[in-house]
Amino acid sequence: LAMRQVDYSFGAEPHGEEYFMMRTLARAFDAQGNLAIREQDPGGAMAAFLDLIDYGIAARRGGLIVDEDIGIACSGIGRYDLYHLRTQLTAEQCRQAIQRITAVLARSETHGDFEYRDRVWSERALGWHRRLLF
């Protein structure tokens with residue numbers, strides 16, 4: 001995913017309908033993983049849940065706090081599902097999952113990055129006086 005582009009112009013609104021699309025894509029990854037579980041394919045399920053974790057981290061990159069929250073929710077679904085799958089995975093699959101999660105987390109932004117962009121967006125899109133409320 002490309003870095004999110006925040007519209008800092010006065011009166012701009014956060015991404016609206018894009019959030020529904022993000023949720024729908026997260027549900028698709030989750031459904032793919034759950035289908036793999038039903039088909040007794042723990043490796044396929046692991047891949048789908050890792051993709052969901054990766055998607056949740058990548059989808060929030062460059063965004064506001066609301067984007068961070070949605071990304072956390074998306075990746076949280078993948079983490080929850082992967083946790084419950086752990087007993088069906090081999091030691092090698094667990095090592096692969098750890099390596100992938102570590103790599104994904106290394107690319108993630110800090111909360112401070114989101115907070116800074118959110119404050120700048122609030123000031124520019126809502127007016128300087130709105131910044132006093134946050």
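Helix H1 passes helix H2 in a left-handed crossing, and that pair is a good place to start our walk through this predicted model. The axes of H1, residues 18-38, and H2, residues 42-60, come within 7 Å and cross at roughly 165 degrees. An angle over 145 degrees counts as roughly antiparallel, so H1 is roughly antiparallel to H2.

Which residues of H1 and H2 make the contact? On the H1 side they are Met22, Leu25, Ala26, Phe29, Asp30, Gln32, Gly33, Asn34, Ala36 and Ile37. H2 answers with Gly44, Ala45, Ala48, Phe49, Asp51, Leu52, Tyr55 and Ala59. Sorted by character, the residues of this contact divide into 12 nonpolar, 4 polar and 2 charged.

Stay with H1 for a moment and look at alanine 31, which sits in this helix. Alanine 31 counts as partly exposed because its relative accessibility is 44%. From its C-alpha to that of alanine 48 the distance is 8.6 Å, with the two positions 17 residues apart in sequence numbering. Alanine 48 belongs to the H2 side of the contact described above.

Now follow the chain out of H1. The loop between H1 and H2 holds glutamine 40, a residue worth a look for its backbone. Most residues other than glycine have a negative phi. Glutamine 40, although not a glycine, has a positive phi of about 55 degrees. Is its side of the loop buried or exposed? Glutamine 40 counts as exposed, because its relative accessibility is 72%.

Next, turn to the other partner of H2. Two packed helices are described by the angle between their axes and the distance between the axes. For H2 and helix H4, residues 91-106, the angle is about 10 degrees and the axes lie 10 Å apart. Angles under 35 degrees count as roughly parallel, and H2 and H4 are therefore roughly parallel to each other. From H2, the contact uses Gly43, Met46, Ala47, Leu50, Asp51, Ile53, Asp54 and Ile57. From H4, it uses Gln93, Gln96, Ala97, Arg100, Ile101, Val104 and Leu105. The residues of the H2 and H4 contact divide into 9 nonpolar, 3 polar and 3 charged. Asp51 is listed in this contact and also in the contact of H1 with H2.

Two residues help to fill in the picture of H2 and H4. Isoleucine 57 is found in H2 and takes part in the contact with H4. At 7% relative accessibility, isoleucine 57 counts as buried. Setting aside neighbours within four places in sequence, isoleucine 57 is in contact with Ser75, Val104, Leu105 and Ser108. The C-alpha atoms of isoleucine 57 and serine 108 are separated by 6.2 Å, although these residues are 51 apart along the chain. On the H4 side, have a look at alanine 103, which is found in that helix. Alanine 103 counts as partly exposed because its relative accessibility is 35%. Its C-alpha lies 9.3 Å from that of aspartate 54, a residue 49 places away along the chain.

Beyond H2, the chain enters the loop between H2 and helix H3 (65-85), where glycine 63 is found. Here the loop residue is buried, with a relative accessible area of 0% for glycine 63. Glycine 63 and arginine 117 are 54 residues apart in sequence, and their C-alpha atoms are 7.3 Å apart in space.

Finally, step back to the whole chain. How many helices and strands are there? The protein chain has 6 helices and 0 strands, and along the sequence the pattern reads α-α-α-α-α-α. Of contacts between residues at least 6 apart in sequence, 72% join residues at least 24 apart. Buried residues make up 40% of the 134 residues in the chain. The accessible surface comes to about 8200 Å², and 58% of that surface belongs to carbon and sulfur atoms.

Methods: Residues numbered from 1 in each chain as written. Predicted model: local features only at pLDDT ≥ 70, side-chain atom pairs only at ≥ 80, totals over all residues. Heavy atoms only, no water. Axes fitted to C-alpha atoms, helices over the stretch in contact; angles between N-to-C directions. Helix = DSSP H or I, 4+ residues; strand = E, 2+ residues; numbered from the N terminus. Parallel < 35°, antiparallel > 145°, perpendicular 65-115°, else oblique. Left-handed = near helix turned anticlockwise from the far one by under 90°. Contact = heavy atoms within 4.5 Å. Nonpolar A, V, L, I, M, F, W, Y, C, P; charged D, E, K, R; others polar. Buried < 20%, exposed > 50% of the residue type's maximum accessible area, 1.4 Å probe, protein only. Areas by Shrake-Rupley, 256 points an atom, 1.4 Å probe, with all protein chains shown as cover.
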